[in-house]
There are 2 protein chains.
Amino acid sequence: MNVAVEKALVVLSGGQDSTTCLYWAIDRFGRENVSSVTFDYGQRHRIELDCARRIAEHAGIDNVCLPIDTFAALGGDALTDDLIAVSDPTGAETNLPVTFVAGRNLIFLTFAAAHAYRHDIGHLVTGVAQTDYSGYPDCREETIAALQKTIGLGMDRKIEIHTPLMHRSKKETVELAVQLGAMDAMGLTHTCYNGMQPPCGQCAACELRAKGFAEAGVADPLLVAK
Amino acid sequence: MNVAVEKALVVLSGGQDSTTCLYWAIDRFGRENVSSVTFDYGQRHRIELDCARRIAEHAGIDNVCLPIDTFAALGGDALTDDLIAVSDPTGAETNLPVTFVAGRNLIFLTFAAAHAYRHDIGHLVTGVAQTDYSGYPDCREETIAALQKTIGLGMDRKIEIHTPLMHRSKKETVELAVQLGAMDAMGLTHTCYNGMQPPCGQCAACELRAKGFAEAGVADPLLVAK
């Protein structure tokens with residue numbers, strides 16, 4: 001089979017990071033060679049799915065939404081509890097939905113690779129980062145490298161995983177978004193842990209986002225829009 | 001967290017191989033330390049799920065059934081076609097459902113690992129084999145080794161993947177099942193590609209199974225029961 005290695009698939013969550021990655025991919029591979037995938041895994045904030053769809057539309061990129069009903073079943077011991085308290089790597093207590101599952105990014109990227117395989121796409125792009133708050137073990141560079149090798153062996157095809165934000169701080173991610181002309185799209189993103197739009201401005205995610213924009217000396221289009 | 005590394009989770013499909021693995025795990029880890037997981041991914045033959053449940057019950061082992069609705073969506077280009085023709089590694093044309101997805105075993109094992117993580121289980125057992133017909137790239141030893149490394153990094157926990165059948169022929173698998181006292185359970189398994197019980201005896205899967213039993217000089221309890 002002739003693999004068009006120039007095509008790229010972006011894992012688009014509707015957040016600031018994956019939106020920046022979408023524009024990175026457009027810059028790197030060309031708009032006509034980029035598509036996006038969003039996972040409907042029962043996330044508490046359904047607004048994320050709408051944001052992803054609208055961001056892709058705004059960027060002129062296809063967006064496929066794939067369901068994953070497994071996470072909710074895996075978390076099913078606490079079916080009556082909507083939330084479980086989890087400490088995020090900054091030490092702050094964060095409420096994560098029961099659909100948070102260890103190794104979730106491994107699943108997202110493997111399903112993305114399966115979609116890429118079927119559509120002869122040779123590149124995946126994901127917004128995972130080692131820096132700042134998102135220090136989950138499945139976001140680390142060596143995990144992604146191991147996963148890329150596993151997918152290559154398991155599907156017998158080279159599918160490269162790009163992580164343009166891996167070593168960027170939030171400030172640097174904002175600067176990259178500006179440089180890539182992604183600021184209009186940034187006004188369509190969703191970050192708030194409390195699922196509010198306009199964002200609550202109080203939760204850890206809102207605070208981190210605000211800090212990144214402040215340090216980059218850029219106004220957040222999401223707040224300007226408000 | 002204190003990890004009970006002596007507990008094992010068997011990926012149980014309801015077929016001959018995973019059933020043999022269940023008894024291998026019972027022998028190795030002790031019945032009280034073994035549980036099983038079965039995936040309901042929209043397989044054409046729903047009888048597999050019943051078989052898995054009944055085999056686990058027969059063996060006195062817990063069985064959790066986890067849904068995965070993603071494969072059907074990934075195969076969604078051919079929603080109107082129930083089947084796609086795929087050549088299996090023996091060169092024979094086999095009808096696989098559209099839910100067949102590249103790297104499917106990577107997904108099964110990663111979800112199994114997520115379940116294991118949550119329940120402090122340190123060992124996974126799967127019936128994948130390099131030998132005979134099941135030579136899919138995601139069943140190969142080096143793929144499984146890469147996946148084990150990826151899961152270890154991505155979940156920040158050592159979860160060992162055991163593949164007792166990796167280098168066994170069908171004949172040797174039958175011999176192992178006899179040795180482990182798994183023959184009664186073997187009468188509850190399901191192999192037939194055509195979803196028939198009693199098995200059709202004509203399809204590639206039935207033929208391969210028959211060959212294994214014949215070479216081992218053992219009567220297939222499934223056919224005796226018929």
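In this predicted model, G154(A) reaches across to the other chain: leaving aside residues up to four places away in sequence, the residues that G154(A) touches are G103(B), L106(B), P137(B), D138(B) and T143(B). G154(A) itself sits in helix α5 of chain A, which covers residues 141–155. Because 31 C-beta neighbours lie inside 10 Å of G154(A), and 20 or more are enough for the label, this glycine counts as buried. A distance along the chain may be set beside this, for G154(A) and E175(A) are separated by 21 residues in sequence and by 37 Å in space, taken from C-alpha to C-alpha.

From this one residue we can turn to the whole contact between the chains, to which chain B gives 33 residues and chain A gives 34 residues. On the side of chain B that touches chain A, the elements that supply two or more residues are β3 (62–67), α3 (70–74), α4 (104–118) and α5 (141–155) of chain B. Of these, α5(B) provides the largest share, with 10 residues. By residue class, that side of chain B is made up of 19 nonpolar, seven polar and seven charged residues.

How do the two copies stand to each other? Chain B is superposed on chain A by a rotation of 180° with 0.0 Å of shift along the axis, at an RMSD of 0.0 Å. The two copies are therefore related as by a two-fold rotation axis. Moreover, 100% of the interface residues of chain B are also interface residues in chain A, so the copies meet through the same surface.

Two of the helices that contribute to the interface, α4 and α5 of chain B, also pack against each other. The axes of α4(B) and α5(B) come within 11 Å and cross at roughly 40°, which means that α4(B) is oblique to α5(B). The crossing of these two helices, α4(B) and α5(B), is right-handed. On the α4(B) side the contact is made by L106(B), L109(B), T110(B), A113(B) and Y117(B), and on the α5(B) side by L147(B), I151(B) and M155(B). The residues of this contact between α4(B) and α5(B) comprise seven nonpolar, one polar and no charged. L106(B), listed here in the contact with α5(B), is also one of the residues touched by G154(A).

As for the chain as a whole, chain A contains nine helices and seven strands, and 48% of its 226 residues count as buried. Among the contacts in chain A between residues at least 6 apart in sequence, 73% join residues at least 24 apart.

Methods. Residues numbered from 1 in each chain as written. Chains lettered and ligands numbered in written order. Predicted model: local features only at pLDDT ≥ 70, side-chain atom pairs only at ≥ 80, totals over all residues. Least-squares fit on C-alpha atoms with pLDDT ≥ 70 in both. Contact = placed C-beta atoms within 7 Å. Helix = DSSP H or I, 4+ residues; strand = E, 2+ residues; numbered from the N terminus. Buried ≥ 20, exposed ≤ 12 C-beta atoms within 10 Å, placed from the backbone. Nonpolar A, V, L, I, M, F, W, Y, C, P; charged D, E, K, R; others polar. Axes fitted to C-alpha atoms, helices over the stretch in contact; angles between N-to-C directions. Parallel < 35°, antiparallel > 145°, perpendicular 65-115°, else oblique. Left-handed = near helix turned anticlockwise from the far one by under 90°.
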